[in-house]
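The following report describes pockets and helix packing in a single protein chain. Please consult the sequence and the structure while reading.

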Amino acid sequence: MVSKKKAKGKARKAAKALREQAEQQRETSALETQKSGRVKINDAVCYHGYWKEERFVTEFIKAFLDEYNDPTKGRDLKESLEGARKATYENEKYAAVWKDEDKLELVISCFLFVATRHVLNGITQQASVNVCIANYLEQHVACTFRRTQSVISGPKISELLDADIHTVVSYLRKRIPCSCLDIKYKEVKNIKKMGECCNPRCSLPENRVERSKMLCCTRCRQVNYCSRECQKAAWPTHKANCHRYAFDEIKKEEENIISMIVNQCDL
């Protein structure tokens, strides 16, 4: 008769073997993705979470990108994104997308799909552009529909545009439902994640600093710095926005509390 101790040991070994087998299958699937830029699942192409192809999505994205990439405007990132939003919002054909959370979520999933394909094909810069726009739209959804944040954080979007491959892959891997980036993540996970110091006069090359060493503004939590010195130097410029961000966050928190009280009273 097998002892309980030996039986438990065998059960642990069997469970471990099953886990290793599942992990091997995931790696094989991801390796296929890395080689071809796509995975076949039940004879269907993996679209990395882009669940439904709709004509309005491609038309909206084309109109948005045409305005975003317009070289004649000479705008910075924030102005380009806001210009693209305004152009599509004021267009009767696309205004409905901005007013419908489900439609925006579908547009976001398309940007994530394209970004994932770019990563798998080694086109990192284009992947960063699509991730940057996806994050802008995600923040719009959070501010307008879900009310989980009060303002769109420009620094976060800017960081994604110039992000290292580790940051881009991590960002996408958290959002796509498939395992298509697992192999790529293993390749890049040892690359240091870099962030951007928000002091415009930072002495570091391109204001880049290792993300784990960055300091966040504890008042507004919207901007990061490489050092206390840079944070102090940027304060005169950041002060007005910091107060506005903090006020908006407090106002948002008060709205959430009131909403909770009203909901409890209705029960």
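## Second largest pocket

In this predicted model, the second largest pocket holds about 290 Å³ of space. It is lined by 15 residues, and those closest to its centre are Glu-159, Leu-160, Thr-167, Tyr-171 and Arg-211. Two elements, H7 and helix H8 (165-173), give two or more residues each to this lining.

By class, the lining of the second largest pocket comprises 7 charged, 4 polar and 4 nonpolar residues.

## Largest pocket

The volume of the largest pocket is about 780 Å³. Its lining consists of 30 residues, of which Lys-78, Gly-154, Pro-155, Asn-241 and Tyr-245 are the closest to the centre.

Three helices each supply at least two residues of the lining of the largest pocket: H3 (77-89), H7 (154-161) and H10 (228-266). Divided by class, this lining has 15 nonpolar, 8 polar and 7 charged residues. Helix H7 is thus named for the largest pocket and also for the second largest pocket.

## Packing of H6 against H8

Helix H8, which contributes to the lining of the second largest pocket, also packs against helix H6 (residues 124-146). The axes of H6 and H8 lie 10 Å apart, at an angle of about 50°. Angles that are neither under 35 degrees, nor over 145, nor from 65 to 115 count as oblique, and H6 and H8 are therefore oblique to each other. The crossing of H6 past H8 is left-handed.

On the H6 side, the contact is made by Thr-124, Ala-127, Ser-128, Val-131, Ala-134, Asn-135 and Glu-138. The residues of H8 in this contact are Ile-165, Val-168, Tyr-171 and Leu-172. Tyr-171 is also one of the residues closest to the centre of the second largest pocket. By class, the contact of H6 with H8 has 7 nonpolar, 3 polar and 1 charged residues.

## Packing of H2 against H5

Helix H2 (residues 55-68) and helix H5 (residues 101-120) have axes that come within 10 Å and cross at roughly 70°. An angle of 65 to 115 degrees counts as roughly perpendicular; H2 and H5 are therefore roughly perpendicular to each other.

From H2, the residues Phe-56, Val-57, Phe-60, Ile-61 and Leu-65 meet Lys-103, Leu-106, Val-107, Cys-110 and Phe-111 of H5. The residues of this contact divide into 9 nonpolar and 1 charged, with no polar residues.

Note on methods
Residues are numbered from 1 along each chain as its sequence is written. This is a predicted model: local features need pLDDT of at least 70, side-chain atom pairs count only at pLDDT 80 or more; totals for chains, interfaces and linings use all residues. Side-chain values use heavy atoms; hydrogens and water are left out. On a 1 Å grid over the protein atoms alone, a cavity is a set of points where a 1.4 Å probe fits but cannot get out, and a pocket is an open set with protein on both sides within 12 Å along at least five of seven lines; lining residues have an atom within 4 Å of a point. Grid points are joined across faces, edges and corners, and a volume is the space filled by probe spheres set on the points. Helices (H or I, at least four residues) and strands (E, at least two) are DSSP runs, numbered from the N terminus. Ala, Val, Leu, Ile, Met, Phe, Trp, Tyr, Cys and Pro count as nonpolar, Asp, Glu, Lys and Arg as charged, and the others, Gly among them, as polar. Axes are lines fitted to C-alpha atoms, for helices over the stretch in contact, and angles run from 0 to 180 degrees between N-to-C directions. A crossing is left-handed if the near helix is turned anticlockwise from the far one by less than a right angle, and right-handed if clockwise. Contact means heavy atoms within 4.5 Å.
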